[in-house]
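Trainee: Got a minute to go through a model with me? I'd like to start with the overall picture and then poke at details.
Mentor: Sure, pull it up and ask away.

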Amino acid sequence: MARTQVSKNSVRSSFLEQAKLAQAHSWLALGLPGFETSGRFKELQANSFEIVFEGDDALAESAVSQREMHHLLRSATLDDLWTLEGDDRLLVKGVISDPSTRDAYRNVDVRFVFVNEPALAPHISKIEIAISGLGEKPTVPADLIKSRLLSTNHRWHALVEDPNRTPEPFKELLGERFRMEFGHGSVNSYEELRQWVYGSASSVNASRHDMVSVTWCGLSDNEYEAVFVLDWLGLNRDDKMMTAKTKHTWTMSDDPSERYPRIQHMDVQFLEPFAVIE
């Protein structure tokens, strides 16, 4: 969707969508080695959680238990574009290998359904998996590390966009060497982050960050660099719509025992400057 077609209400409520994306990517990343036993399932899933598989083919037959469905879903190659449906579900499309036919792939629609409480960490109540015919072989394999890194990105932006933002929830995202650099300054400590949260981050009425692209590479054991290109939309103090485009380069360290990878360094560059569009 073009930025000019996004409604003001979508900008105001974007933090709720970011929170759902953080939870969905966190759930997917639990398929990484060492993560399944982290105990995070209970934090992410509602008490009545279920996975519903639509289709009576070999894929459905191969996923006879909840555990096998977990593994099957995490083997899917999912698109980068996620779509919010209503206020309680996210849709992502992709492809999944078909165990009944060598080198064949099937199209898959995956819906994460949420209980919208708590607002910044909504529980997943259901995952719906629908298989819909032959698909093309993916150019890249399933990438659960990317989901792990995206969980931090979406959590960060949920906290930034939250109209009731406070500094405290950011703490679990900050590494020991945390430093954030942007066009007109830098943040080098938690105390400086507090000032940024109540200052620059609160200088607009609302904001929205839409992912355009994401790439990552490994730097060393459990340390990664990720590059996120984002379309930014905001409402200024006069409630007029504004736009910008940014490129974020983040260095993150990851510990499977923690909820999110921690940000060690964040560099923010403006690809398009702030502009009022109405």
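Trainee: What percentage of the 278 residues of the chain count as buried?
Mentor: Of the 278 residues, 49% count as buried, where buried means under 20% relative accessible area, exposed over 50% and partly exposed in between, with a 1.4 Å probe and protein chains only. Keep in mind that this is a predicted model, in which local features need pLDDT of at least 70, side-chain atom pairs count only at pLDDT 80 or more, and totals for chains, interfaces and linings use all residues. Residues are numbered from 1 along each chain as its sequence is written, and side-chain values use heavy atoms, with hydrogens and water left out.

Trainee: How many helices and strands does the chain have?
Mentor: There are seven helices and eleven strands. They are DSSP runs numbered from the N terminus: helices are H or I with at least four residues, strands are E with at least two.

Trainee: And what share of the contacts joins residues at least 24 apart?
Mentor: Among contacts between residues at least 6 apart in sequence, 61% join residues at least 24 apart. Contact here means heavy atoms within 4.5 Å.

Trainee: Let's talk strands. Which way do strand 3 and strand 4 run?
Mentor: Strand 3 (residues 89–97) and strand 4 run antiparallel, joined by nine bridges. Two strands pair if DSSP finds at least two bridges between them. V92 stands opposite V110 in strand 4.

Trainee: How many bridges join strand 4 to strand 5?
Mentor: Ten, and these two run antiparallel. One pair to look at is Y105 with its bridge partner G135 in strand 5.

Trainee: Why is strand 4 largely enclosed?
Mentor: Eight of the eleven residues of strand 4 are buried, so the rest of the structure largely encloses it.

Trainee: Any backbone oddities? Where is there a cis peptide bond?
Mentor: Between E117 and P118, with omega about -10 degrees. P118 is in the loop between strand 4 (105–115) and strand 5 (123–135).

Trainee: What about phi of N222?
Mentor: Phi is near 60 degrees there, a positive value in a residue other than glycine. N222 lies in the loop between strand 8 (206–220) and strand 9 (223–235), and is partly exposed, with a relative accessible area of 42%. D239 also has a positive phi, near 65 degrees. The loop holding D239 is between strand 9 and strand 10 (241–253), and this residue is partly exposed at 26% relative accessible area.

Trainee: Is N153 buried or exposed?
Mentor: N153 is buried, with a relative accessible area of 1%. You'll find N153 in helix 6 (residues 144–161), and, not counting residues up to four places away in sequence, N153 touches M211, F228 and W250.

Trainee: On to pockets. How much space lies in the largest pocket?
Mentor: About 770 Å³. Of its 29 lining residues, E17, L81, W82, R208 and D210 are the closest to the centre. On a 1 Å grid over the protein atoms alone, a pocket is an open set of points with protein on both sides within 12 Å along at least five of seven lines, a cavity is a set of points where a 1.4 Å probe fits but cannot get out, and lining residues have an atom within 4 Å of a point. Grid points are joined across faces, edges and corners, and a volume is the space filled by probe spheres set on the points.

Trainee: Which element gives the largest share of that lining?
Mentor: Strand 8, with seven residues. By class, the lining of the largest pocket has eleven nonpolar, twelve polar and six charged residues. For the classes, Ala, Val, Leu, Ile, Met, Phe, Trp, Tyr, Cys and Pro count as nonpolar, Asp, Glu, Lys and Arg as charged, and the others, Gly among them, as polar.

Trainee: And what lines the second largest pocket?
Mentor: It has 21 lining residues, with W196, H209, W232, F270 and F274 nearest its centre. They divide into 13 nonpolar, eight polar and no charged. The second largest pocket holds about 500 Å³ of space.

Trainee: Last one: how many cavities of 30 Å³ or more are there?
Mentor: A search of the whole structure finds one. Residues including S26, F35, R148 and E258 line the largest cavity.
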